[in-house]
Amino acid sequence: MTQPRRTDLLPRDRRDLTGPFDVIGDVHGCRAELETLLGELGYVLDRDDRGRPIGAAHPGDRTVVFVGDLVDRGPDTPGVLRLVMGMVAARTALCVTGNHDHKLMRALDGRNVRIAHGLEQSLSQLAGEDLVFRTAAHTFLGDLPSHYLLDGGKLVVAHAGLPESLHGSTSGRARSFALYGAPTGELDEHGYPIRYDWAQDYRGSATVVYGHTPVHALNWVNNTLCLDTGAVFGGTLSALRYPEMTTISVPAEQVWSERAGITPVRD
């Protein structure tokens, strides 16, 4: 495949965009739940001649911001990508990269990556798509920035969060933190990395919205909010309306993936 452009070449400083925004948490291939959430948020879906969603727009001129991890584990990674790619192209959405998105992009690059944690589902599902779509998806994933500064710098969106000192930074450290957080080097009882809880120490004036680590409930911590409520694990798919600062969640249609330490959440 053609090598996609790298995110370092793309603007992450979009303080000129003032919203209103709807920030959506980790989708992980849950296309049906994403459609439901967009409908609850008031977006009107556009479909192709096969009935597949290829875009969505809001009559109130709102913009979706996806926190990344569009792919892996869920039942329809191509469907999620098709919808989000259409929205980004139409400028009704923005999207930052997540660690799963980045790993899928590297796999499509032909890099030697470990096929695990849902990547096998994405590759299998994409194998059923034509070359034009796979190439477009590859380029799209390679173009995603590490984070966005929005609304005069008052809103920051990054997949795993971002401390104030790294807001707007183009450094490798900022990109790594935005993708993975800050692992402590230790593992929990299920074998997953234990990460430094940066939000507990955050004192910045910007609101930081992120995902990456599934939580059972939406809780504000020092002007930060994690929107990953584990839709793919049977939880919910969640969004933050900004600047209203209200949240909305829709339940998963079923448990799409099992993960040790994650108990399915039902409303």
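This is a short talk on one sheet, the two helices beside it, the nonpolar cores and two buried residues of a predicted model.

I will start with the sheet. It is open, has 5 strands in the order 6-5-2-14-15, and its pairing is mixed. Strand 6, residues 93–95, and strand 15, residues 246–251, are the edge strands, and each of them pairs on one side only. On average, neighbouring strands of this sheet are turned by 20 degrees against each other, direction ignored. As a reminder, strands of a sheet pair through backbone hydrogen bonds, either parallel or antiparallel.

Now look at strand 14, residues 236–242. Strand 2, residues 21–24, pairs with strand 14 in the antiparallel sense over 4 bridges. Phenylalanine 21 stands opposite tyrosine 242, and aspartate 22 has arginine 241 as its bridge partner. Strand 14 is also joined to strand 15, by 6 bridges, and these two run antiparallel as well. There, serine 238 stands opposite serine 249. The hairpin of strand 14 and strand 15 has 3 residues between the strands, and in this hairpin methionine 245 takes a positive phi near 60 degrees. Is strand 14 largely enclosed by the rest of the structure, or open? It is largely enclosed, because 6 of its 7 residues are buried.

Next, the helices. Helix 1, residues 31–40, lies across strand 2, strand 5, strand 14 and strand 15, and runs at about 140 degrees to strand 15. Helix 2 packs on the sheet too, touching strand 5 and strand 6, and its direction makes about 115 degrees with that of strand 6.

Helix 2 allows a simple check of length. It has 13 residues, 77–89, which at 1.5 Å a residue should span 18 Å; the end C-alpha atoms are 18 Å apart, so the two agree. At the start of helix 2, a side-chain oxygen of aspartate 76 comes to within 2.8 Å of the backbone nitrogen of glycine 79. After the helix comes arginine 91, with a positive phi near 65 degrees. Helix 2 is largely enclosed by the rest of the structure, since 11 of its 13 residues are buried. Among the buried ones are Val80, Leu81, Arg82 and Met85.

That brings me to the cores. In soluble globular proteins, nonpolar side chains tend to be buried together. The largest nonpolar core here has 40 residues, and those touching the most other members are Ile24, Val27, Leu34, Leu38, Phe66, Leu70 and Leu81. Helix 2 gives the most to this core, with 6 residues. Another core, of 16 residues, lies apart from it and includes Ala158, Phe177, Tyr210 and Cys226. Back in the 40-residue core, what does valine 27 touch, leaving out residues up to four places away in sequence? The list is Leu34, Phe66, Gly68, Asp69, Leu70, Val80 and Leu237.

Last, two residues from another part of the chain. Threonine 207 is in strand 11, residues 207–210. Its relative accessible area is 5%, so threonine 207 counts as buried. Beyond four places in sequence, threonine 207 touches Lys154, Leu155, Val156, Trp220, Asn223 and Met245. That last name is the methionine of the hairpin.

Histidine 212 sits in the loop between strand 11 and strand 12. With a relative accessible area of 10%, histidine 212 is buried too. Its side chain reaches the backbone oxygen of tyrosine 180 at 3.4 Å. Outside its neighbours within four places in sequence, histidine 212 has contacts including Asp26, Asn99, His159 and Asp228.

How values were computed: Residues numbered from 1 in each chain as written. Predicted model: local features only at pLDDT ≥ 70, side-chain atom pairs only at ≥ 80, totals over all residues. Heavy atoms only, no water. Expected span 1.5 Å × (residues − 1). Buried < 20%, exposed > 50% of the residue type's maximum accessible area, 1.4 Å probe, protein only. Polar contact = N/O pair within 3.5 Å; in protein donor to acceptor, adjacent residues only side chain to side chain. Core = buried A, V, L, I, M, F, W, Y, C linked by side-chain atoms within 4.5 Å. Contact = heavy atoms within 4.5 Å. Pairing = 2+ DSSP bridges. Axes fitted to C-alpha atoms, helices over the stretch in contact; angles between N-to-C directions.
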